[in-house]
Amino acid sequence: MMNRAIFLLALVLATLGLATCQQHRISAARAGEVRATQELRAALVAHSDTKQQLLAALSATTVVTKYVDRVQLVRERGATVIKEIPVYVTPTADAACAIPAGFVRVHNAAAEGTPLGGAAGDADAAPSGVALSAVAEVTAANYGTCHELAAQVEGLQGYIRGQREAQP
């Protein structure tokens, strides 16, 4: 009878020991699962950030490429217009048209963005010595610069739109 009691006690202790060991293994597995879940979440966040950065970079590359192409086209068009000035404003037209000094003053003030100084006088009515073709060339160059800046603004606006679309 005593042997039976010792055997039962040993069996109960062995069962408790195995149960405790199993409980420890389950706890370790749950802790590993929690760590793996946290690592997965961190990886998903990193993936999302990387994806957003990639989309932003692609957007920026596309905008820069479009901008460079557009500016090149605008410059080529401006150069073509300037090159054609002698065809449209002939030396005969240069000789026939005297550009008054007042016009040159007004044009230069407008180009510089400064106010006209003083009142107009008799000197403003005199010929300036500037040829009509030179006026055409300066005007064409100014408009070319204006179109380049407009293309730059449109490119920057496209870049900003792309950045906004890339954000979550």
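Which residues form a nonpolar patch on the surface, with about 390 Å² of accessible area together? In this predicted model, the patch is made up of Leu9, Val12, Leu13 and Leu16, whose accessible area comes to about 390 Å² together. One of these residues, Leu13, belongs to helix H1, which runs over residues 2-83. Leu13 counts as exposed because its relative accessibility is 52%, and the cut-off for that word is over 50%. A general rule helps when looking at such a helix: an α-helix has 3.6 residues a turn, so residues three or four places apart point the same way.

Further along the chain, helix H3 covers residues 91-96 and includes Ala93. Ala93 has a relative accessibility of 26% and therefore counts as partly exposed. If you follow the chain from Ala93 to Pro115, you pass to a residue that is 22 residues away in sequence, while the two C-alpha atoms are 31 Å apart in space.

Helix H4, made of the 12 residues 101-112, allows a simple check of its length: at 1.5 Å a residue it should span 16 Å, and its end C-alpha atoms are indeed 16 Å apart, so the two values agree. Just after H4 comes Gly113, which takes a positive phi of about 75 degrees.

Finally, the cysteines deserve a look. Cys21 counts as partly exposed because its relative accessibility is 44%, and Cys146, with a relative accessible area of 43%, is partly exposed as well. When cysteine sulfur atoms must lie within 2.5 Å to be paired as a disulfide, the count for this model comes to 0 disulfides.

Technical notes. Residues are numbered from 1 along each chain as its sequence is written. This is a predicted model: local features need pLDDT of at least 70, side-chain atom pairs count only at pLDDT 80 or more; totals for chains, interfaces and linings use all residues. Side-chain values use heavy atoms; hydrogens and water are left out. Helices (H or I, at least four residues) and strands (E, at least two) are DSSP runs, numbered from the N terminus. Buried means under 20% relative accessible area, exposed over 50%, partly exposed in between (1.4 Å probe, protein chains only). The expected span of a helix is 1.5 Å times one less than its number of residues. Patches are made of residues with over 30% relative accessible area and no salt bridge: like charges are joined within 9 Å, nonpolar side chains (Val, Leu, Ile, Met, Phe, Trp, Tyr) within 5 Å. Accessible areas come from the Shrake-Rupley method with a 1.4 Å probe; for residues, only the protein chains shown count as cover. A salt bridge is a side-chain nitrogen of Lys or Arg within 4 Å of a carboxyl oxygen of Asp or Glu.
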